[in-house]
Amino acid sequence: MISRLRLLSIVDSKTCEVKVAFQTDNMNISDLAIEDKIKQRCATAKPATRVHATRLMNYDCAWTLDEGHDVRLEISMIKADATGLV
């Protein structure tokens, strides 16, 4: 008899806490290897997302400056965000 196997995962975006389990029709089976991979990807994705967002803010600031507008607010936002990356 073949039973269905479902992967259940819940990721808390603030703490990167992961709850992963395989569920069959009859029982639940935990898989720590998958849980570790998801935690590692989440921990890698957060700083990469911040770097990407800061880079996009820099592009937007340069474009706004090129259009001849005041960019003091944008520069302050970039400084405040970029200091958290170091």
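A salt bridge here is a side-chain nitrogen of Lys or Arg within 4 Å of a carboxyl oxygen of Asp or Glu. With that in hand, welcome to a few close-up views of this predicted model.

**View 1. Arg50 and Asp81 form a salt bridge between two helices.** The closest N and O atoms of Arg50 and Asp81 are 3.1 Å apart. Because Arg50 sits in helix 1 and Asp81 in helix 2 (residues 72–83), the pair ties together parts that are 31 residues apart in sequence. Arg50 has a relative accessibility of 33%, so this residue counts as partly exposed. As general background, side chains of opposite charge can pair when their charged atoms come close.

**View 2. Asp70 and Arg72 make a salt bridge too.** In this pair the closest N and O atoms are 3.2 Å apart. Are Asp70 and Arg72 buried or exposed? Both residues are exposed. The count of salt bridges comes to two in this model.

**View 3. Thr64 is a buried residue of helix 1 (residues 32–66).** Why does Thr64 count as buried? Its relative accessibility is 10%, and the cut-off for buried is under 20%. Which residues does Thr64 touch, leaving aside its neighbours within four places in sequence? Thr64 is in contact with His69, Asp70, Val71 and Glu74. Asp70 may be familiar from the previous view, as the salt-bridge partner of Arg72.

**View 4. Ala82 of helix 2 comes within view of Thr54.** From C-alpha to C-alpha, Ala82 and Thr54 are 6.5 Å apart in space, while 28 residues separate them in sequence. Ala82 has a relative accessibility of 26%, so it counts as partly exposed.

**View 5. The whole protein chain holds two helices and three strands.** Starting at the N terminus, the order of the elements is β-β-β-α-α. The protein chain has 86 residues, and buried residues make up 15% of them. Its exposed area is about 7,100 Å², of which carbon and sulfur atoms supply 59%. Of the contacts between residues at least 6 apart in sequence, 25% join residues at least 24 apart.

**View 6. Confidence in the model varies along the protein chain.** The average pLDDT is 75, and 57% of the residues score at least 70. Where is confidence lowest, and where is it highest? Strand 3 (residues 28–30) has the lowest confidence, at a mean of 52, whereas helix 2 has the highest, at 89. Helix 2 is also where you will find Ala82.

Notes. Residues are numbered from 1 along each chain as its sequence is written. This is a predicted model: local features need pLDDT of at least 70, side-chain atom pairs count only at pLDDT 80 or more; totals for chains, interfaces and linings use all residues. Side-chain values use heavy atoms; hydrogens and water are left out. Helices (H or I, at least four residues) and strands (E, at least two) are DSSP runs, numbered from the N terminus. Buried means under 20% relative accessible area, exposed over 50%, partly exposed in between (1.4 Å probe, protein chains only). Contact means heavy atoms within 4.5 Å. Accessible areas come from the Shrake-Rupley method with a 1.4 Å probe; for residues, only the protein chains shown count as cover. pLDDT is the predictor's confidence in each residue, from 0 to 100.
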